[in-house]
Amino acid sequence: MCGIVGYVGSKNATPILLDALEKLEYRGYDSAGIALVSSNGIEVKKTRGRISTLRSITGEVEAGGCTVGIGHTRWATHGEPSDVNSHPHLSRSERVAVVHNGIIENYIELREFLAEHGYVFSTETDSEVVSELIDYYYNGDPIEAVRKAEMQLKGSYALGILFKDYTDQIIALRKDGPLIIGVGEGENFIASDIPAILKHTRSIFRLGERELAILTKDGVTVIDKYGERIEHECEHIDWDVDAAEKGGYAHFMIKEIMEQPEVIAKTINPRIINDKRIDLGLKRITDDDLRGIKAIKIVACGSAYHVGVVAKYFMKKTLGIPVEAELASEFRYDDPIVDEHTLVIIISQSGETLDTLYGLREARSRGARVISIVNVVASSIANESEDVLYTWAGPEIAVATTKAYSTQLVLMNLLNWHIANVKGLMRDDEVARAITQLREIPEQMNGMLSDHEQMQYLASLFFNCHSVFFIGRNIDYALSLEASLKLKEISYVHSEAYAAGELKHGTISLIEDGTLVIALCTYRPLLEKMVSNIKEVKARGAKVIAIINHDDTQTEGVADHVVRIPECSEYAIPSLTIVPLQLFAYYIASHKGCDIDKPRNLAKSVTVE
């Protein structure tokens with residue numbers, strides 16, 4: 001959830017750290033701070049609020065000579081957002097400073113242990129025990145102190161550590177939390193994500209589980225959990241630097257909505273051979289393995305889970321086997337029934353979502369075959385899966401996902417058809433026809449995005465609504481879940497998604513004069529029933545916006561407003577239907593003056609349970 005950065009080199013560390021922290025703002029945060037080490041000791045500057053506030057208290061005079069430092073943006077878990085709870089945490093002895101991303105599950109036990117040895121704590125955080133525990137073990141050897149402390153820690157962590165006695169180095173360590181190393185010329189970096197350091201270097205590698213890195217300006221040394229020195233090959237980041245900037249748009253979110261046609265094409269095209277065959281590039285899971293699959297579980301959180309719900313409907317229909325979409329936070333603790341004949345599909349944009357990572361490990365421990373769908377190359381989930389399918393959506397900066405969601409949707413279609421073809425359930429010509437229809441999505445979506453004034457207008461009518469209800473049936477219900485989440489997370493408008501058939505079982509009591517209901521009516525087999533549901537809420541005073549197919553004449557007469565989806569295949573409908581709903585949420589939030597890219601209380605990469 002938090003953002004970590006670190007710099008060691010010959011330049012003034014302060015502006016580099018502050019700039020890097022701003023590049024991590026999309027992860028969500030409520031406080032920020034930096035620690036700098038020099039011959040005068042470790043100096044910490046931290047504050048509740050935005051990085052602009054941190055800049056105002058970080059003077060160039062005090063920090064001008066410091067060339068080594070660490071920084072942090074905090075999203076509160078243990079302890080309220082406050083100056084004192086902010087990171088970095090400096091030990092009472094002022095010998096050790098730490099920034100931490102993750103959760104220390106046994107921090108109460110460790111606090112009690114350290115208190116018995118005279119340590120006094122000033123914060124409510126779990127992270128403070130890390131700096132004090134390292135200090136407790138420190139006897140002149142920083143590596144030994146960090147390793148001894150690590151042996152006592154339970155939970156997840158990515159750590160950046162400074163020692164007063166070692167003014168030329170940073171120590172980094174990770175377990176279950178993302179941490180990358182940036183390798184420059186005469187300078188090196190740590191960061192939670194690539195955009196933080198892309199301005200300074202394009203050569204990075206990802207620190208492995210329980211690997212410890214010692215960074216100086218002259219190089220990086222990595223030691224594994226056994227104490228052996230290991231080498232990492234650097235990955236070259238070939239994004240345009242502008243890919244992580246707004247490019248003239250008011251917000252990253254609208255930029256990323258507009259990028260969806262392009263990134264969907266990038267996801268689809270490299271996996272299509274001669275316009276008719278799918279090649280997913282699976283390396284470990286063979287066609288024989290897929291033929292033996294008797295059940296599928298899709299495990300994910302948030303928007304990725306909503307992708308799973310959409311895919312569940314298609315996969316059950318295509319494959320004729322049990323398919324379930326499960327919340328990762330529940331899956332691990334629900335005694336999942338999986339075995340070697342179960343395919344578990346893990347979906348995560350960041351590849352670091354902790355609930356999802358733990359769900360992956362649970363599935364593998366029970367013998368399931370695991371394929372992950374992620375955006376971030378070599379992320380934890382990607383590394384621990386048998387096979388991985390990358391969405392290639394590029395950096396997604398806005399907290400509310402749009403283009404990652406859309407690329408996950410089309411990739412699930414390709415996986416569905418590939419399995420069906422392998423199992424003999426779809427002929428080659430049927431796959432070729434489905435591919436042709438899928439490849440039409442970018443152009444169809446471009447047409448919708450070029451004419452988004454209708455959604456701006458509808459947002460202007462309804463941005464003062466207190467509650468919004470999204471209703472749909474079958475796949476439309478699955479899409480309602482995502483549409484509702486988009487609206488609530490960036491506009492703070494209360495919204496809920498319901499299976500339309502469930503309205504009469506209690507929910508309809510919430511409908512009153514002026515309540516906005518958004519009815520998704522693209523699932524043709526149940527259109528007549530949706531029209532009846534619209535009439536039910538209209539009779540109780542609701543205002544209704546209906547999302548309908550291009551040729552739907554039934555719904556137009558009963559809804560107050562209709563938004564038409566262009567003619568397309570049934571597989572393309574979810575990809576196109578979500579676009580006006582993303583735009584609606586964006587423009588509602590814009591009218592309300594919300595912080596669209598960094599909504600309150602939310603984080604981009606959820607690395608705690």
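The exercises below, each with a worked solution, concern a predicted model.

**Exercise 1.** Determine which strands stand at the edges of the open sheet formed by five strands, and why one side of each is left without a neighbour.

*Solution.* Begin with the strand order, which is S19-S18-S20-S21-S22 with parallel pairing. Strand S19 (323-327) and strand S22 (387-390) stand at the edges, and because each has a single partner strand, one side of each is left without a neighbour in the sheet. Neighbouring strands of this sheet are, on average, turned by 20° against each other when direction is ignored.

**Exercise 2.** Describe how strand S20 and strand S21 pair, and then place helix H12 on the sheet.

*Solution.* Strand S20 (residues 342-348) pairs with strand S21 (residues 369-374) in the parallel sense, over six bridges, and valine 374 in S21 is the bridge partner of serine 348. Helix H12 (residues 354-365) packs on the sheet, where it touches strand S18 (295-300), S20 and S21, and its direction makes about 165° with that of S20.

**Exercise 3.** Classify the aromatic pair formed by phenylalanine 113 and tyrosine 136, and state which helices hold the two residues.

*Solution.* The ring centres lie 5.3 Å apart, and the planes make an angle of 80°. Since centres within 6.5 Å make a pair and planes over 60 degrees apart count as edge-to-face, the pair is edge-to-face. Phenylalanine 113 lies in helix H4 (residues 107-116) and tyrosine 136 in helix H5 (residues 128-137), so the pair ties together parts that are 23 residues apart in sequence. As a last step, ring pairs link Phe113, Tyr119, Tyr136 and Tyr137 into a cluster.

Definitions and conventions
Residues are numbered from 1 along each chain as its sequence is written. This is a predicted model: local features need pLDDT of at least 70, side-chain atom pairs count only at pLDDT 80 or more; totals for chains, interfaces and linings use all residues. Side-chain values use heavy atoms; hydrogens and water are left out. Two strands pair if DSSP finds at least two bridges between them. Helices (H or I, at least four residues) and strands (E, at least two) are DSSP runs, numbered from the N terminus. Axes are lines fitted to C-alpha atoms, for helices over the stretch in contact, and angles run from 0 to 180 degrees between N-to-C directions. Contact means heavy atoms within 4.5 Å. Rings of Phe, Tyr and Trp (its six-membered ring) pair if their centres lie within 6.5 Å; planes under 30 degrees apart count as stacked, over 60 as edge-to-face and the rest as tilted.
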